[in-house]
Amino acid sequence: MPDLTFDAIGTAWTITTDEPLSGQQRDDVADLVAGYDRTYSRFRRDSVIAPLAQEAGTVQLPPSAVPLLRLFDTLHRFTGGAVNPLVGHSLEKLGYDAAYSFSSSGPSAAPDWTLTAHWRQAEDGTQLSTTAPVTFDIGAAGKGQLVDLVFGLLRAAGHRNLTVDAGSDLRHAGERGLRVALEHPYDATRAIGVVPLRNRALCASAANRRAWGEGLHHIVDAGTGRPVEAVAATWVLAEDAMTADGLATALFFTDPDLLAEEFAFDYVRMFSDGRATYSDAMAGVLFS
C-alpha cells in the first residue's frame, strides 16, 4: 500500500515503502521538495532563478545543480541545442506561462545555452550567470532529479524496498519488481505495453501531457520555439531518474544510437504515425 501521497511541482507523488515513514521522514521529504521548488520553479516570483528573467546576473544554486547542469550541457550538445534549460521563455510565448494563460503569441527560439549562460562549481554551491534576461526551465530533467533526491533521502534513512513515483516518473529499489504499463499517448485508457522495473528508474514523456491547444504542448525544440510533431511519446529505463527523464526528452530530438555513445539506457519511442522503435532489451514489452 502507498505510504505517502501528495501533490507537488504540478504532479501527484506516491512513495511506497515496506515500513511506514516516520513523522520526521515525512517532514524531511516535504522540506526537500519545497526547497527544490523554491530554487528552480519558473512559476514562482520568489524562486532563486526568478531574478534571471528580469535581468542578466548571477544566482547561487545548491550542490544538486552540478549534475543537473552537466546533464543539460550534454543533452544540449547531443540534440543540437533542442534541449536547453533556457527554453522557459519559448514556453511562455506559447502560453505555458506563470499565469497559465494558454494564449499563444507564436514560437520564439530560446537564447543559446552555451553563449548566454555560464555555470561553475564553487565551495558553497553552484554559481549560474547569464549575459541576458532568461527564463530558466529545468522541466526536461528536473522532476527526475527530484525523484532521485527523495529516493536518496529515504534510502539513507534505511528504507531498502522503496518506490518513488512522481507522475509516472519512477525509481525503484527492492527484491520485488514492478510491472509498469506504458500509457497510449492518444488514449489514456489503453497501454501499448508493459515494462518490468526493478532497481532502476523509468521515466516517460508524451506530447499529450501538458497540452493546451491544437499542436501546443510542453515539449518544445528550443532552437525553433516550436512543439515537437514527429514523436508522440518516449519511455526510458536508466540507473537514475534524472538521466532517464533527460533522455526521455532528448529522444524527441535525436537518435537513440547517438545518445548511447554517452549513456547506458533502454527505451521505447513512439512516433506520431503510430510506429515505435525500441532498444533490444525492450523487445517483447510492446503489445502487437
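**Figure 1. Overall dimensions of the predicted model.** The protein chain has a radius of gyration of 18 Å, which agrees with the value near 19 Å for a compact globule of 288 residues. Along the principal axes, its C-alpha atoms fill a box of roughly 50 × 50 × 35 Å. The secondary structure comprises 7 helices and 17 strands. Of the 288 residues, 51% count as buried. Among contacts between residues at least 6 apart in sequence, 63% join residues at least 24 apart.

**Figure 2. Surroundings of helix H6.** In H6, 10 of the 10 residues are buried, so the helix is largely enclosed by the rest of the structure. The buried residues are Ala241, Met242, Thr243, Ala244, Asp245, Gly246, Leu247, Ala248, Thr249 and Ala250. They pack against helices H2, H5 and H7 (256–259), and also against strands E7 (169–173), E10 (201–206) and E15 (231–238). The contacts with H2 and with H5 are taken up in the next two views.

**Figure 3. Contact of helix H2 with helix H6.** The axes of H2 (residues 65–78) and H6 (residues 241–250) come within 11 Å and cross at roughly 25°. The two helices are therefore roughly parallel to each other. H2 passes H6 in a right-handed crossing. On the H2 side the contact is formed by Pro67, Leu68, Leu71 and Leu75, and on the H6 side by Met242, Thr243, Gly246, Leu247 and Ala250. These residues divide into 7 nonpolar, 2 polar and no charged. An α-helix has 3.6 residues a turn, so residues three or four places apart point the same way. Leu68, Leu71 and Leu75 are among the H2 residues that meet H6.

**Figure 4. Contact of helix H5 with helix H6.** The axes of H5 (residues 142–156) and H6 come within 7 Å and cross at roughly 165°. That makes H5 roughly antiparallel to H6. The crossing is right-handed. Gly142, Lys143, Gly144, Gln145, Val147 and Asp148 in H5 touch Ala241, Met242 and Asp245 in H6. By class, the residues of this contact divide into 3 nonpolar, 3 polar and 3 charged. Met242 of H6 takes part here and also in the contact with H2.

**Figure 5. Contact of helix H1 with helix H5.** The axes of H1 (residues 23–40) and H5 come within 10 Å and cross at roughly 155°. That makes H1 roughly antiparallel to H5. The crossing of H1 and H5 is right-handed. From H1, the residues in contact are Gln25, Asp28, Val29, Leu32, Val33 and Tyr36; from H5, they are Gly142, Gln145, Leu146, Leu149, Val150, Leu153 and Leu154. This contact has 9 nonpolar, 3 polar and 1 charged residues. Gly142 and Gln145 of H5 meet H1 and also meet H6.

**Figure 6. Leu69 and His76 in helix H2.** Leu69 lies in H2 and, at 1% relative accessibility, counts as buried. Not counting residues up to four places away in sequence, Leu69 touches Leu61, Trp113, Trp119, Thr126 and Phe136. Leu69 and Gln25 are 44 residues apart in sequence, and their C-alpha atoms are 28 Å apart in space. Gln25 is one of the H1 residues that meet H5. His76 is also in H2 and is buried, with a relative accessible area of 10%. Leaving aside neighbours within four places in sequence, His76 is in contact with Gly81, Val83, Asn84, Trp113 and Thr114. Trp113 thus appears among the contacts of Leu69 and among those of His76.

**Figure 7. Loop residues Ile9 and Asn199, each with a positive phi.** Ile9 is in the loop between strand E1 (4–8) and strand E2 (11–17). Its phi is about 45°, although Ile9 is not a glycine. At 29% relative accessibility, Ile9 counts as partly exposed. Asn199 is in the loop between strand E9 (187–197) and strand E10. Asn199 has a positive phi of about 55° and is likewise not a glycine. With 38% relative accessibility, Asn199 counts as partly exposed.

Conventions: Residues are numbered from 1 along each chain as its sequence is written. This is a predicted model: local features need pLDDT of at least 70, side-chain atom pairs count only at pLDDT 80 or more; totals for chains, interfaces and linings use all residues. Side-chain values use heavy atoms; hydrogens and water are left out. Axes are lines fitted to C-alpha atoms, for helices over the stretch in contact, and angles run from 0 to 180 degrees between N-to-C directions. Helices (H or I, at least four residues) and strands (E, at least two) are DSSP runs, numbered from the N terminus. Angles under 35 degrees count as roughly parallel, over 145 as roughly antiparallel, 65 to 115 as roughly perpendicular and the rest as oblique. A crossing is left-handed if the near helix is turned anticlockwise from the far one by less than a right angle, and right-handed if clockwise. Contact means heavy atoms within 4.5 Å. Ala, Val, Leu, Ile, Met, Phe, Trp, Tyr, Cys and Pro count as nonpolar, Asp, Glu, Lys and Arg as charged, and the others, Gly among them, as polar. The radius of gyration is taken over C-alpha atoms; the globule rule is 2.2 Å times the number of residues to the power 0.38. Buried means under 20% relative accessible area, exposed over 50%, partly exposed in between (1.4 Å probe, protein chains only).
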